[in-house]
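Here is a short tour for anyone meeting this structure for the first time. Have a look at it below, and then we'll walk through it piece by piece.

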Amino acid sequence: MNKYIFAAFLLGAFVFSNAQNKSYWQQQADYEMEIDMNVKNFQYKGKQKLTYTNNSPDTLNVVFYHLFLNAFQPGSEMDARLQSIPDPDRRMATNIGTKEKPIYESRIKNLKPDEIGYIKVKSLTQDGKLLRYKTEGTILKVDLDKPILPNSKTVFEMDFDAQVPVMIRRTGRNSNDGVALSMAQWYPKMAAYDTRGWHANEYIAREFYGVWGNFDVKITIDKNYILGGTGVLQNNNEIGFGYENEGVKVPKSKGKTKTWHFVAKNVHDFTWAADPEFQHDKIALKDGKTFHFLYKKYPENWKKMQPVLVKVFEFFNTLVGKYPWEQYSFIQGGDGGMEYAMCTLVAGGEKYDSVLGTSIHELAHAWFQHLLATDEASYAWMDEGFTSFIEDLAMHLVVNPGSKEPPFRGAYESYYRLVASGLEEPASTHADRFNTNFAYSVMAYSKGTLFLTQLGYIIGDQNVIKSLKQFYKDFAFKNPSPNDFIRVAEKVSGMQLQWFLNEFISTTNTADYAIEKVISKGNKTEITLRRVGRLPLPVDLFVIEKSKKIHYYHIPLRMAFGKKENPYKSYEQQVLSSWGWGHLTYTFEVDLPLSELKSVAIDPDNVSVDINKENNIFNN
């Protein structure tokens, strides 16, 4: 009774009325930056002009900037966190104990002055007037010369010095792949301000939240370096980037440096990478957009995955909505993989399946974070989970078509391991506040994925796909919240779903439905089910006769006020009366003598996150 019905609903448009809240607003931060990079000492100087538009109804008397690179200093909060968490990120900590009794020491702890990261603000003005500011860790607090009134603009101009740290996490120099510069979280970045106020979060190696805007960035660097990243290069005729195989003669630089000029419109971050030995491939896509690939090691695998990523890109365009920007770049750099605006940094490539899987995941983030820009720090499960969900579908339907492996098997197994460990925390926990990396990873990636599979169990898989499409239509280029998505799903399905968001994300309640007893009632059979766990779900139940005839019963959950369409097209769906959560047991009769009954099974395809499968089956 396997059912993988998502593929049947990937094509076609689903149009619904857009009844968004008219009071919605979001801030705007437009950057102009000139950067002078010294590749010998990995230090750079920057000039930044930031035009800030206050679209809120609030008067702002203070603003905050992120200075992310300050985290890579001994004594920082990131350093302290690595020394206190029981399972630190292995990329950021060294085992100074034994394999049997590991003792982890922060790599940041022993950085030398020429190895640390920093951003030092030298001067800052607002509309030409000098401002008072104070750096605290990775945050710059700025007292304004004049308040920023609602629906008004102001211009900040800043000079700053910075140093690129050795590669420890996401950003840095001389990565394990030998990439000279992976420039993520590298510039003074305006903190987000929304209906919940300022998000001036210290950087402790977790997730991000940015302000939408336009970027005009000029990077002056050694003329032998090749750059890629966010934005579209404006001076190809001077640089020659992208002309490698086109026979175009590019004038040689007369000096020791070149200036790369990038423009990115309507994004909320800017990232770049550089190396003198980057190989560069580009692919023109059917819709006129371009893929760029920059790498220096394992070229056979970086080339091998390119046509696969083109197919996956087309799949995501159909599944969710059209990718809007002119290009996307896959760049070897960083540590592991991390999504950025119009690009990703991906480490390695020695193992093809690994570099392909990471690249697909980060590409999926172009939709769930860089188009639908949730607050990752507060809702990591939404950012990573939705991304992992469409990644798993791509792997199942595009990369490995015809696979008999359940597409979300890994997410279920990880979730069950966490529940069994006793370390689970609510998925609504702030990304920096989880007690363990284990709990964070499973909550963000696996339980976030299962949020959509369980929603499918409630409203039907086809309605989940429709909801993703509508979510894109309503909230692309915005900062949606979990409640925004669940309201979309309610409109699509016609069901009530706020309870599911609350129960599945804000609690650690688990689902456990059991077959309590099956008894004879003359020519009928009485079946009693019990809700053992606290997480409410509807129930799909199958009664199998000894003749092998199968009967499918669906028991809706009362608080949802509706039911899903039949997901099992081979069987008639018999809808029973709804089950109210307050009732621990549910009893109904089937028109079948017990003597003719072979078995009864709850959710035999294991779609629900029922943690105890042993009490789901009755065999006669």
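## A hairpin to start with

Keep in mind that this is a predicted model. Let's begin with the hairpin made by strand 1 and strand 2, which has four residues between its strands. One of the residues to look for here is Phe42, with a positive phi near 60 degrees. Strand 1 covers residues 28–38, and strand 2 covers residues 43–54. The two run antiparallel and are paired over eleven bridges. If you want one pair to find on screen, Glu32 has Lys49 in strand 2 as its bridge partner.

Strand 1 also pairs with strand 16 (residues 213–222), this time in the parallel sense and over six bridges. There, Tyr31 has Phe215 as its bridge partner. The side chains of strand 1 follow an alternating pattern: Ala29, Tyr31, Met33, Ile35 and Met37 are buried on one face. Gln28, Asp30, Glu32, Glu34, Asp36 and Asn38 point to the other face and are not buried.

## A small open sheet

Next up is an open sheet of four strands, in the order 8-9-3-13, with antiparallel pairing. Strand 8 (132–136) and strand 13 (189–190) sit at the edges with a single partner strand each, so one side of each has no neighbour in the sheet.

Strand 8 is joined to strand 9 (residues 139–148) by five bridges, and the two run antiparallel. Within this part, you can spot Thr135 opposite Leu140 in strand 9.

## The annotated stretch and helix 5

What does the record say about residues 349–504? An unreviewed UniProt entry annotates them as "domain: Peptidase M1 membrane alanine aminopeptidase". In the model, the chain over residues 349–504 is 66% helix and 0% strand, and its end C-alpha atoms are 36 Å apart.

Helix 5 (residues 352–364) has 13 residues and spans 18 Å from its first C-alpha to its last, close to the 18 Å expected at 1.5 Å a residue. Is helix 5 largely enclosed or largely open? Ten of its 13 residues are buried, so the rest of the structure largely encloses helix 5. Among the buried ones are Tyr352, Val355, Leu356, His361 and Glu362.

## The nonpolar core and helix 11

The largest nonpolar core holds 189 residues, and Phe156, Trp272, Trp367 and Phe451 have the most contacts inside it. Helix 8 gives this core its largest share, twelve residues.

Take Phe451 as a way in. Setting aside neighbours within four places in sequence, Phe451 is in contact with Trp381, Phe386, Phe485, Ile486, Phe500, Leu501, Phe504 and Ile505. Several of those names come up again in helix 11 (residues 498–506), where the buried residues are Trp499, Phe500, Leu501, Phe504 and Ile505. The cover over these buried residues includes helix 6 (380–399), helix 8 (437–459) and helix 10 (482–493).

## Charged pairs

Side chains of opposite charge can pair when their charged atoms come close. How many salt bridges does the structure hold? There are 24. In one of them, Asp89 meets Arg169, with the closest N and O atoms 3.5 Å apart. Asp89 lies in the loop between helix 1 and strand 4, and Arg169 in the loop between strand 10 and strand 11, so the pair ties together parts that are 80 residues apart in sequence. Asp89 and Arg169 are both buried. Another salt bridge joins Arg196 and Asp375, at 3.0 Å from N to O. These two link distant parts of the chain, 179 residues apart. Arg196 is partly exposed, with a relative accessible area of 42%, while Asp375 counts as buried at 2%.

Lys447 and Glu424 form a salt bridge too, at 3.1 Å from N to O. Lys447 belongs to helix 8 and Glu424 to the loop between helix 7 and helix 8, so this pair ties together parts 23 residues apart in sequence. Lys447 is buried, with a relative accessible area of 0%, and Glu424 is buried as well, at 15%. To finish, salt bridges with shared partners join Asp89, Arg91, Arg169 and Asp335 into one network.

Notes: Residues are numbered from 1 along each chain as its sequence is written. This is a predicted model: local features need pLDDT of at least 70, side-chain atom pairs count only at pLDDT 80 or more; totals for chains, interfaces and linings use all residues. Side-chain values use heavy atoms; hydrogens and water are left out. Buried means under 20% relative accessible area, exposed over 50%, partly exposed in between (1.4 Å probe, protein chains only). Contact means heavy atoms within 4.5 Å. Two strands pair if DSSP finds at least two bridges between them. A nonpolar core is a set of buried Ala, Val, Leu, Ile, Met, Phe, Trp, Tyr and Cys residues joined through side-chain atoms within 4.5 Å. UniProt positions are given in the numbering used here, feature names are shortened, and annotations may be inferred rather than shown by experiment. The expected span of a helix is 1.5 Å times one less than its number of residues. A salt bridge is a side-chain nitrogen of Lys or Arg within 4 Å of a carboxyl oxygen of Asp or Glu.
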